[in-house]
Amino acid sequence: MADHQLAADLATRAGELLLAVRTELEDATAEERKAAGDKRSHDFLMAELAATRPNDVVLSEEGVDNPERLTAQRLWIVDPLDGTREFSELGREDWAVHVALWEAGELVAGAVALPAQGITLSTPTVPKVPPAPSQPRIVVSRTRPPAVALAVRDALGGVLVEMGSAGAKVASVVQGVSDVYVHAGGQYEWDSAAPVAVARAAGLYTSRIDGSPLRYNQSDAKLPDLIVCRPEHAEAVLAVTAATN
């Protein structure tokens, strides 16, 4: 199976597993659902990657960081459950599974599964975003929107769209539900690798908030900020974010 197909297959199947966990633990506490979802999806992805790509290294949010990744040519970067809080709240759809492949300095494949929506967005064939509305929509966290995103909204004369996980937010830009995602509150490589790979395949602009490139497989896996937006908004967004950085 080719790398693009494998990323999509694993993200989709991990999502199906998570839906089953949700059903199984419907009467459990939210904390029990969170713990079970994180562990079972991580265990599944690690086992499948070990079986299908035994020579590759894996960086997972739920795993122990393997220093061998820093000299590896191929690294899978996965978030077994992005949006754990939203997953634990029965009925919410804004959570995701991320599977990305980094090879020789670049993201080369990625998939974002939105299991509760029955959707997997994956490289290389992501539909181009539909036409934009006249008023830009800025997607933010429903609990902690960063000040920089509010500044972007004000500068662009936009409106806010509240949503859960980082993957769901980027997917909303890909799907044309929103137009700009700006984050500055702290993230890690697994939060954005797969969403950024998918966004790029859809023709979207991606960078750090100062306009510098997003770099993966770094010694410190923290990658605290990013922009994903329609290309036509990039200049205006950067004018705000670079000034506040």
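Both Phe87 and Trp95 are buried, and I should like to open with these two residues. Please bear in mind throughout that the model before you is a predicted one.

Two aromatic pairs are present in the structure. Such a pair is described by two quantities, the distance between the ring centres and the angle between the planes. For Phe87 and Trp95 the centres are 5.0 Å apart and the planes stand at 80°, so this pair is edge-to-face. For Tyr188 and Trp190 the centres are 5.1 Å apart and the planes lie at 10°, so that pair is stacked. The members of the stacked pair also have their own accessibility values. Trp190 has a relative accessible area of 11% and is therefore buried. Tyr188, at 36% relative accessibility, counts as partly exposed.

Let me stay for a moment with the surroundings of Phe87 and Trp95. Ala116, a residue of the loop between E4 and E5, is 29 residues from Phe87 in sequence, with a C-alpha to C-alpha distance of 9.0 Å. Which residues does Ala116 contact, once its neighbours within four places in sequence are left aside? They are Leu19, Arg22, Arg92, Glu93 and Trp95. Ala116 itself is partly exposed, with a relative accessible area of 25%.

I turn now to the largest pocket. About 520 Å³ of space lies within it. Its lining consists of 27 residues, and those nearest the centre are Asp82, Arg144, Gly164, Ser165 and Ala166. The elements that each give two or more residues to this lining are strands E2 (74–82), E6 (137–141) and E8 (180–183), together with helices H3 (84–88), H5 (166–174) and H6 (189–201). By character, the lining residues divide into eight nonpolar, ten polar and nine charged.

Next, consider helix H4, which spans residues 147–156. Its buried residues include Val148, Ala149, Val152 and Leu156. Why do these residues fall on the same side of H4? They cover an arc of only 100° around the axis, and this places them on one and the same side. On the other side of H4, Ala147 and Asp154 are exposed. The buried residues of the helix pack against E6, E8 and helix H7 (231–244). Just after H4 comes Gly157, with a positive phi of about 65°.

That brings me to the backbone. Most residues other than glycine have a negative phi, and most peptide bonds are trans. Against that background, three places deserve a remark.

The first concerns Ala104, whose phi is near 50°, a positive value in a residue other than glycine. Ala104 sits in the loop between strand E3 (96–103) and strand E4 (106–114). Is Ala104 buried or exposed? With a relative accessible area of 51%, Ala104 is exposed.

The second is Asn217, which also is not a glycine and has a positive phi of about 55°. Asn217 belongs to the loop between strand E9 (205–207) and strand E10 (226–229). At 8% relative accessibility, Asn217 counts as buried.

The third is the peptide bond from Thr123 to Pro124, which is cis, with omega near 0°. Pro124 is placed in the loop between strand E5 (119–122) and E6. Strand E6 has already been named twice, as one of the elements that give residues to the lining of the largest pocket and as a packing partner of the buried residues of H4.

Thank you for your attention.

Methods. Residues are numbered from 1 along each chain as its sequence is written. This is a predicted model: local features need pLDDT of at least 70, side-chain atom pairs count only at pLDDT 80 or more; totals for chains, interfaces and linings use all residues. Side-chain values use heavy atoms; hydrogens and water are left out. On a 1 Å grid over the protein atoms alone, a cavity is a set of points where a 1.4 Å probe fits but cannot get out, and a pocket is an open set with protein on both sides within 12 Å along at least five of seven lines; lining residues have an atom within 4 Å of a point. Grid points are joined across faces, edges and corners, and a volume is the space filled by probe spheres set on the points. Helices (H or I, at least four residues) and strands (E, at least two) are DSSP runs, numbered from the N terminus. Ala, Val, Leu, Ile, Met, Phe, Trp, Tyr, Cys and Pro count as nonpolar, Asp, Glu, Lys and Arg as charged, and the others, Gly among them, as polar. Buried means under 20% relative accessible area, exposed over 50%, partly exposed in between (1.4 Å probe, protein chains only). The arc is that of the directions from the helix axis to the C-beta atoms. Contact means heavy atoms within 4.5 Å. Rings of Phe, Tyr and Trp (its six-membered ring) pair if their centres lie within 6.5 Å; planes under 30 degrees apart count as stacked, over 60 as edge-to-face and the rest as tilted.
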